[in-house]
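These are my notebook entries on a single protein chain. I set down what I looked up, in the order in which I looked.

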Amino acid sequence: MAGSQEVAAVRQLSLLPEFEEVLRLQQAIWGFADIELLPLRFLVVVTRVGGHVFGAYDGDMMVGFCFAIPGIKPGGRPYLHSHMLGVLPAYQNSGIGRQLKLRQREEALSRGIELIEWTFDPLELKNAFFNIERLGAIVRHYNENQYGVTASPLHGGLPTDRCYAEWWLNSRGW
């Protein structure tokens, strides 16, 4: 049910048809041009090199997703870079984004990873509030026009300035 507080399931994805749904959601959520979509092959690689892809479902329909790729900080600390999280417009503001992030957290901690990072648009106030207030991420870095200008109507032809969120997974007593 659109807008409900809980989806039926958040599960780890590994099959090509599931990744095809992630591509469909990228287009439905952001209106990306085909060339701007993160391709199916990339999602396959993410799952093979220590990253993860999660889907949120309402019944059999995928309504949200997120994925992260592994990284190593100077000094050897492993972390995950959560590159993309999206929820269909009809399901936004229903807790699905939080469910996906908490599933990422659970998976990372099960592997001994204590840091997840991502970037976000500082002009998207609801997103900034979610990242900083709801999840407890901190921001120490800002990058101008991180991804260049995109065709997404959501970006409105503006440069893609980004804040870097650091989510220290053991920092707030989750």
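**Entry 1: an unusual backbone angle**

I began with Asn-93, which is exposed, with a relative accessible area of 61%. The cut-off for exposed is over 50%, so Asn-93 qualifies. I note that the model I am reading is predicted. Next I looked up where Asn-93 sits, and found it in the loop between β4 and α3. Its backbone caught my attention: Asn-93 has a positive phi of about 65°, although it is not a glycine. For context, most residues other than glycine have a negative phi.

**Entry 2: aromatic pairs**

I then searched the whole structure for aromatic pairs, and the search returned four. In one of them, the ring centres of Trp-30 and Phe-32 lie 5.6 Å apart with the planes at 20°, so this pair is stacked. The limit for stacking is under 30 degrees. Are these two residues buried or exposed? Trp-30 is buried, with a relative accessible area of 16%, and Phe-32 is buried as well, at 13%. I also recorded that Trp-30 and Phe-32 form one aromatic cluster together with Phe-65.

A further pair is made by Trp-118 and Trp-167, whose ring centres are 5.9 Å apart and whose planes meet at 80°, so I entered the pair as edge-to-face. Trp-118 belongs to strand β5 (residues 115-120) and Trp-167 to strand β7 (residues 162-168), so the pair ties together parts that are 49 residues apart in sequence. Both tryptophans, Trp-118 and Trp-167, are buried.

**Entry 3: charges over rings**

Which side chains lie over the face of a ring? I found Lys-101 over the face of Trp-118, at 3.6 Å from the ring centre. I also found Arg-11 over the face of Tyr-57, at 3.8 Å from the ring centre.

**Entry 4: the largest pocket**

Last, I turned to empty space. Rolling a probe the size of a water molecule over the atoms shows where such space is left. The largest pocket has a volume of about 1,300 Å³. How many residues line the largest pocket? I counted 38 in the lining, and those nearest the centre are Trp-30, Leu-85, Gly-86, Glu-124 and Asn-127. Trp-30 is thus a residue I had already met in the stacked pair.

At least two lining residues come from each of α1 (16-30), β4 (78-87), α3 (96-110), β5 and α4 (125-134). By character, the lining divides into 16 nonpolar, 14 polar and eight charged residues.

Key:
Residues numbered from 1 in each chain as written. Predicted model: local features only at pLDDT ≥ 70, side-chain atom pairs only at ≥ 80, totals over all residues. Heavy atoms only, no water. Phe/Tyr/Trp six-rings, centres within 6.5 Å; stacked < 30°, edge-to-face > 60°. Buried < 20%, exposed > 50% of the residue type's maximum accessible area, 1.4 Å probe, protein only. Helix = DSSP H or I, 4+ residues; strand = E, 2+ residues; numbered from the N terminus. Lys NZ or Arg CZ within 6 Å of the ring centre and 35° of its normal. 1 Å grid on protein atoms, 1.4 Å probe; cavity = no way out; pocket = protein on both sides within 12 Å on 5 of 7 lines; lining within 4 Å. Points joined across faces, edges and corners; volume = space filled by probe spheres on them. Nonpolar A, V, L, I, M, F, W, Y, C, P; charged D, E, K, R; others polar.
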